[in-house]
Amino acid sequence: MKKLSALFLGAALLPAAHAAWQPGLWQAKFSTFTTFAATCSGDVMDHPTLERVPGTVMADVWVPSGANVDLPQYTYTNPFPGGSPWNWNTQNTGWGYVGQMRVVKGATYTFGKLLDDAARVIIDGKEVINHSTWDVFAWGSYTAQETGWVSFDARVWDGSGGKGACSTWQGIFGIAFNTIGVTTAAPTTNWIKRLDPGDGSLFRCDDGLGSRTK
Ligand SMILES: [Ca+2]
């Protein structure tokens, strides 16, 4: 009996043999890329700025044209422990986000983009948005075949001037989604932010068995 207890105790102390899922997405800031295509092809997981965030947060920040982008009000501070504040550069800033999104079988997820300048969204391998004209609304949809987690990859990019969520979505979100079939930007109440509430119920990302510790 003594031996058996020790065996159970030993098993409990062993590190988990699978990836540890965390709420949110991995983010990388591609501040030196000069094209949207370069931002889209950039490797998020190998980037030195790698940090875990709730969702595609920098798509939601708005910086007016000509503004001092270093001002604190234009930054986003990561609520996760150890997080950092970021901001857009004056020009040619890209952001990449990777992880998984929780979806429900049969539900159609319509993604919308209304930001300055560009966004691409790929969910479960399907590109639903790839649009690079600032201040122009774009959308695309994906229907889940199963209930569970699917891959999610989003990129946002600005060339110069104003950046982030704009027009009627300014101050709210730059990329959003809905599951009620809405394909117009207004009213904004039809749309949902891509932010995990903090419990891993919408977005999650794995820690790579210890190799992705930032
Ligand atoms: Ca711009």
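In this predicted model, V63 stands opposite K163 of strand β14. The pair belongs to a contact between β4 and β14 (residues 163–165), two strands that run antiparallel and are joined by two bridges. Together with β9, these strands form an open sheet of three, in the order β4-β14-β9, with antiparallel pairing. The edges are held by β4 (62–63) and β9 (115–116). Each edge strand has a single partner, so one side of each is left without a neighbour in the sheet.

The chain as a whole contains two helices and 17 strands. Of its 214 residues, 37% count as buried. Contacts over long sequence distances are frequent: among those between residues at least 6 apart in sequence, 71% join residues at least 24 apart.

The chain leaves β9 through a loop that leads to β10, and D117 is found in this loop. The peptide bond from D116 to D117 is cis, with omega near 10 degrees. A second cis peptide bond runs from A186 to P187, with omega near -5 degrees. P187 is placed in the loop between β15 (175–178) and β16 (192–193).

Strand β10 is central to the nonpolar interior. The largest nonpolar core has 49 residues, and A119, V121, V156 and I175 touch the most other members. Strand β10 (residues 118–123) gives the most to this core, with five residues. Six of the six residues of β10 are buried, so the strand is largely enclosed by the rest of the structure. In a regular strand, side chains alternate between the two faces of the sheet. Both faces of β10 are covered. A118, R120 and I122 are buried on one side, and A119, V121 and I123 are buried on the other.

Strand β10 pairs with two strands described here. With β13 (residues 148–158), the pairing is antiparallel and extends over six bridges. Within it, A118 stands opposite W157. With β11, the pairing is also antiparallel, over five bridges. R120 has N130 of β11 as its bridge partner. V121 is bridged to I129 of β11. Beyond its neighbours within four places in sequence, V121 is in contact with F111, V128, I129, A154 and I175. I129 is thus named both as the bridge partner of V121 and among its contacts. I175 is likewise among the contacts of V121, and both residues are listed with those touching the most other core members.

The hairpin of β10 and β11 has two residues between the strands. One feature of this hairpin is D124, which takes a positive phi near 55 degrees. On the β11 side, K126 is found in the strand, which spans residues 126–131. K126 has 13 other C-beta atoms within 10 Å and is therefore partly exposed. The C-alpha atoms of K126 and F152 are separated by 9.3 Å, although the two residues are 26 apart along the chain.

Positive phi values also occur in loops after β11. D135 lies in the loop between β11 and β12 (138–143). Its phi is near 65 degrees, a positive value in a residue other than glycine. With 13 C-beta neighbours inside 10 Å, D135 counts as partly exposed. S167 is found in the loop between β14 and β15. The phi of S167 is near 55 degrees, again positive in a residue other than glycine. S167 counts as partly exposed, with 15 C-beta neighbours inside 10 Å.

A lysine in an earlier strand has another environment. K29 is placed in strand β2 (residues 25–30). It counts as buried because 23 C-beta neighbours lie inside 10 Å, where the threshold is 20 or more. Leaving aside neighbours within four places in sequence, K29 is in contact with T49, W86, T93 and W95. K29 and L50 are 21 residues apart in sequence, and their C-alpha atoms are 7.7 Å apart in space.

How values were computed. Residues numbered from 1 in each chain as written. Predicted model: local features only at pLDDT ≥ 70, side-chain atom pairs only at ≥ 80, totals over all residues. Core = buried A, V, L, I, M, F, W, Y, C linked by C-beta atoms within 7 Å. Buried ≥ 20, exposed ≤ 12 C-beta atoms within 10 Å, placed from the backbone. Helix = DSSP H or I, 4+ residues; strand = E, 2+ residues; numbered from the N terminus. Contact = placed C-beta atoms within 7 Å. Pairing = 2+ DSSP bridges.
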